[in-house]
Amino acid sequence: MAVAPVNETLTLADLTRDPYPVYRRMRAETPIVEVPAARRIFLTKAKHTKMVKDDPELFSSDDPVTPMRRAFLAHTLMRKDGEEHRRERMAMQPAFSPKVIKTDWADLYRTIATDYLDRLPRGETVDLFTALCGPIAARILAHILGLDEVSDADMQRWSQTLIDGAGNFGFADEPFEKSDAANAEMDAVFDSLLDRHRAEPNNSALSVMLNAKNPIPMSQVYANIKIAIGGGINEPRDALATILFGLLTNPDQLEEVKRQEAWAEAFEEGVRWVAPIQASSRRVTRDLEIDGIDIPEGVTLMTIQASANRDEDLYEDGESFNVFRKKAPHQAFGSGPHHCAGAHISRRTVGEILLPMLFERFPNMKLDRAEDVVWSGFGFRGPLNLPVRLS
Amino acid sequence: MVQITFIQPDGGQTTLDAAEGASVMETAVNNGIDGIFAECGGAMMCATCHCYVDEAWAGKTGARVDGEEDMLECAAAELRETSRLSCQLKLSSELDGLVVHLPEEQA
Ligand code: HEM
Ligand code: HEM
Ligand code: FES
């Protein structure tokens, strides 16, 4: 029996800049470690992060003091456990199934992608992150959710506002004032769409939830759509930008990916290499021990999938981007009951549709200078810019 | 111990000895069988552990559990009468010799 070692010096700013060398040391020296700057105990090994996420009874997602509740003005499925969680989740899941994507959406997404690619200027440097990755992720999500009428800009603004509110751990006023305003806008827009979805039922998330035989309460229908807005834009955006960076800085791999049409593999490797959601929190429901370390009831554990995805137990040279590495399961989409609801969508849209279209259209796409790309983020991570030259 | 055989879409077969009480999914994952992803670790939330129970065994594996049907609807490959989520199939002595087929795709 031993208490977890404490890392007194580590700051959130260090982690935001580049967490990977820190996690590598932790895996080697202190795989279970308390980080006062984050007020949490970090788990950095794949076996521990998975064990925790797979056991919702000992490790609950229900955080009674989460700023998320205040930001969303609702208790959302992300922070629920058990039957209530399953019911709300399954109300929406059919809209996100691979078959619906194939039958209902694939053609529309190809049209959207063509349209967005047509707009990109050739022969000059373009920031693909802002010109493509963000807007196209927003457009695709708008359709899946049944919010066709909403602009890319509004989708992205709502998403960021919800995220800023949900991450407002200091409970400052301003982020909540903004999220309150966004909630009011979203509620009004959702209200205005109900008649259309009732009159013409379709496979979008809003329609599926509204027209279910045994619908969940309206408050939870809206909360679900908001969670999908908060969680469904930045991650595919960051995943796309990360994969593009990986391929453009490894031209030999890019050539091989094109030759083998290994886009699905490129997608998996990109999200393994830099997980768009780097960590997830769980509250410990009783005193217990993990690998000989005492973990008291009530503590919040931070399961660091970013670190698990580079764990030496599973990966050789996990720090590098290598599409053709020996396959091993990653945790970029989490695990257990809260496993990402949008995993299928992301694989199909980013991996199967966007990546091949982009390289077909711009076969000689070049990253201007890799060292100009700025990476950032601790809870969420990806490049903040992607200056490329299209031809 | 009970025996279980996994058959890949290309016909490749693997037969394993598995512990009673383990799920078909756990057995596949622990032995590195291709074609079972099981991304949610058995929480019935991902449908990436989809399998088809061999016709000869279909009567013995019991009914789908509560909620399994809904999640199977979200599987990538074709849904058949014999479709199961392998995380919900527990091995017992009655299932000694079980044969399951893996689908073309999981994700
Ligand atoms: C590459 C893109 C994506 C990545 C890497 C990703 C990652 C994740 C992760 C790690 C979680 C688990 C959080 C936890 O354990 O607490 C999660 C949950 C979730 N994701 Fe995603 N996500 C992506 C795209 C999407 C998309 C496009 C949607 C929109 C439909 C979406 C909707 C959700 C929802 C609703 C949850 C909550 C599930 C629950 O609590 O039951 N995600 N995602
Ligand atoms: C005590 C310090 C903090 C810790 C330990 C922390 C940790 C985390 C983690 C791990 C997540 C992932 C979601 C989950 O909980 O499952 C999260 C959510 C979030 N955090 Fe932080 N964070 C902290 C402070 C901040 C700050 C200062 C910001 C900046 C505004 C921020 C922004 C966010 C955002 C945007 C979310 C998204 C909520 C969601 O939709 O899941 N966090 N936080
Ligand atoms: S392992 Fe995810 S549904 Fe079976």
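How many bridges join strand S1 of chain A to strand S2 of chain A, and in which direction do they run? That is a nice place to start with this predicted model, and the notes below begin with the reply.

1. **The hairpin.** Strand S1 (residues 32-35) and strand S2 (residues 40-43) of chain A are joined by four bridges and run antiparallel. Within this pairing, A:Glu34 sits opposite A:Ile41 of S2(A). The two strands make a hairpin with four residues between them. If you check backbone torsions, have a look at A:Arg39 in the turn, where phi is positive at about 55°.

2. **The three-stranded sheet.** Chain A also holds an open sheet of three strands, ordered S4-S12-S9 and paired antiparallel. Strand S4 (125-127) and strand S9 (366-367) of chain A are at the edges with a single partner strand each, so one side of each has no neighbour in the sheet. Helix H7 (residues 128-145) of chain A packs on this sheet, where it touches S4 and S12 of chain A. The direction of H7 makes about 45° with that of S4(A).

3. **The S9 to S12 pairing.** Two bridges link S9(A) with strand S12 (residues 387-389) of chain A, and these strands run antiparallel. For the register, note that A:Leu367 has A:Val388 in S12(A) as its bridge partner.

4. **Polar contacts of ligand 1.** There are 26 residues around ligand 1, and those that come nearest are A:His85, A:Arg89, A:Arg282, A:His338 and A:Cys340. A polar side-chain atom of A:His85 is 2.7 Å from an oxygen atom of the ligand. For A:Arg89, a polar side-chain atom lies 2.9 Å from an oxygen atom of ligand 1. The backbone takes part too: a polar backbone atom of A:Gly231 is 3.4 Å from a nitrogen atom of ligand 1.

5. **Where the shell of ligand 1 comes from.** Two or more residues each are given by helix H5 (82-92), helix H11 (218-231), helix H12 (234-248), S5 and helix H16 (343-361) of chain A. H12(A) gives the most, with three residues. By class, the shell around ligand 1 divides into 14 nonpolar, nine polar and three charged residues.

6. **Polar contacts of ligand 2.** This ligand is surrounded by 14 residues, the closest being A:Arg79, A:Ile163, A:Phe169, A:Met302 and A:Phe380. In the side chain of A:Arg79, an N or O atom is 2.9 Å from an oxygen atom of ligand 2. Two backbone contacts are worth adding to your list. A backbone N or O atom of A:Ser281 lies 3.3 Å from an oxygen atom of ligand 2, and one of A:Gly167 lies 3.5 Å from a nitrogen atom of ligand 2.

7. **Where the shell of ligand 2 comes from.** Helix H8 (152-166) and strand S5 (279-284) of chain A each supply at least two residues. S5(A) has the largest share, three residues. The shell around ligand 2 has eight nonpolar, three polar and three charged residues. S5 of chain A is also among the elements that give two or more residues to the shell around ligand 1.

8. **The interface.** Chain A and chain B contribute 21 residues each to their contact. Together they bury about 1600 Å², with 52% of it on carbon and sulfur atoms. On the chain B side, B:Glu39, B:Met45 and B:Cys74 supply 42% of the area that this chain buries against chain A, more than any other three residues.

Terms used
Residues numbered from 1 in each chain as written. Chains lettered and ligands numbered in written order. Predicted model: local features only at pLDDT ≥ 70, side-chain atom pairs only at ≥ 80, totals over all residues. Heavy atoms only, no water. Near = heavy atom within 4 Å. Polar contact = N/O pair within 3.5 Å; in protein donor to acceptor, adjacent residues only side chain to side chain. Nonpolar A, V, L, I, M, F, W, Y, C, P; charged D, E, K, R; others polar. Pairing = 2+ DSSP bridges. Contact = heavy atoms within 4.5 Å. Axes fitted to C-alpha atoms, helices over the stretch in contact; angles between N-to-C directions. Buried area = accessible area lost by both parts, 1.4 Å probe.
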